[in-house]
Structures are given as C-alpha cells and as structure tokens.
Amino acid sequence: MLDNIIKDIDKELSGVLVKAPEMRYLERISPVLAEGIRDFVKRPGKRIRPALFTAGYLGYSDHPGKYYAKAVKASLSQELLHAFLLIHDDIIDNSDLRRGKPSLHGLFNRALSLKKDNKTGCDLGIVAGDIIFALA
C-alpha cells in the first residue's frame, strides 16, 4: 500500500514541477533554475513525510477514496518544504553531494561552468530553495 502511495506522490510531484504556473513562468525566464529545481526535487527519495501524511488520511477518513487525490496533493507541501530545507542546509554546510548527486548549488556552478568556490551557485541555490518554499 505504501509503495502505491509513494508512486502517486511522485506522479503528482512531477506534474506540479512541470504544470504549476510558477514553474512554467520560471522556465521561460531561467531554464537553468527551473531544471535545477526539477532535478533536485525529483531525485529518488523515501518520500516518508508525504507518505505518512497520506496514510494518516487513509487511516482516519470515513471515505478514504473521496479526497485521496487532494490528500496526495496536500502532502506535497511537506516534500517541498523538506527539499527547501535541504538546499539551504547544503549551502550552510558547504556540502558537495545530496542523495548521491551534486548539491543544488554545485549543480548550478557546473551548469554555468563556474568554479566550485564561486558564490553564484550558492546565490542561485538560495533563490531556488525560496522558490520551492513558495511552491509548498
């Protein structure tokens, strides 16, 4: 059951990262920033927070199927907030990796062909984290 919930969360999350008006606008003004956000948020993860939220809804609802899709969508806020915090944490800790891939600020430095110690990647990482916070 939990595997199905996580699949539904991943599907909804992918849709939001492509179809949300904020992401569509961002894609037009900064494709690098939009793609960095998508890459970071869609990285394989456990999705524990949204899965527990959704499972809690199913466990306590009188009509679990009635609002299931809305519960899944609401649960995304927890995953997005978690991503926002991880991005900022990586910048504070000067971490190079997150979930086996480059941290988001490192990804921006690479995408823009900047040196590792360039502040621009960190600046863009902070902006990306803030955008994710707003999406949440």
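Here is a quick tour of the charged and aromatic contacts in this predicted model.

## Salt bridges across the chain

Let's start with opposite charges: the structure holds 10 salt bridges. In one of them, the side chains of Arg-47 and Asp-10 meet at 2.6 Å, N to O. Arg-47 sits in the loop between helix H3 (31-42) and helix H4 (48-60), while Asp-10 is in helix H1, so this pair ties together parts that are 37 residues apart in sequence. Arg-47 counts as buried because its relative accessibility is 4%, under the 20% cut-off. Asp-10, at 29%, is partly exposed.

Helix H1 has another partner to show you: Glu-12 meets Lys-73 in a salt bridge of 3.9 Å, N to O. This one links distant parts of the chain, with Lys-73 in helix H5 and Glu-12 in helix H1, 61 residues apart.

## A bridge within one helix

Now look at helix H7, where Lys-119 and Asp-123 lie four residues apart, about one turn of the helix. Their closest N and O atoms are 2.9 Å apart, and they form a salt bridge. Lys-119 is exposed at 57%, and Asp-123 is partly exposed at 34%.

## A positive patch

Lys-11, Lys-19, Arg-24 and Arg-28 form a positive patch on the surface. Helices H1 (2-19) and H2 (21-29) each supply at least two of its residues. Lys-11, for example, belongs to helix H1 and is exposed, with 65% relative accessibility.

## One aromatic pair

The count of aromatic pairs comes to one. Phe-84 and Phe-133 make a tilted pair, 4.9 Å centre to centre with 45° between the planes. Phe-84 is in helix H5 (residues 68-93) and Phe-133 in helix H7 (residues 119-135), so the pair ties together parts 49 residues apart in sequence. Phe-84 is buried at 15%, whereas Phe-133 is partly exposed at 46%.

Methods: Residues are numbered from 1 along each chain as its sequence is written. This is a predicted model: local features need pLDDT of at least 70, side-chain atom pairs count only at pLDDT 80 or more; totals for chains, interfaces and linings use all residues. Side-chain values use heavy atoms; hydrogens and water are left out. Patches are made of residues with over 30% relative accessible area and no salt bridge: like charges are joined within 9 Å, nonpolar side chains (Val, Leu, Ile, Met, Phe, Trp, Tyr) within 5 Å. Accessible areas come from the Shrake-Rupley method with a 1.4 Å probe; for residues, only the protein chains shown count as cover. A salt bridge is a side-chain nitrogen of Lys or Arg within 4 Å of a carboxyl oxygen of Asp or Glu. Lys and Arg count as positive and Asp and Glu as negative; His and the chain ends are not counted. The place of a charge is taken as NZ of Lys, CZ of Arg, CG of Asp or CD of Glu. Buried means under 20% relative accessible area, exposed over 50%, partly exposed in between (1.4 Å probe, protein chains only). Rings of Phe, Tyr and Trp (its six-membered ring) pair if their centres lie within 6.5 Å; planes under 30 degrees apart count as stacked, over 60 as edge-to-face and the rest as tilted.
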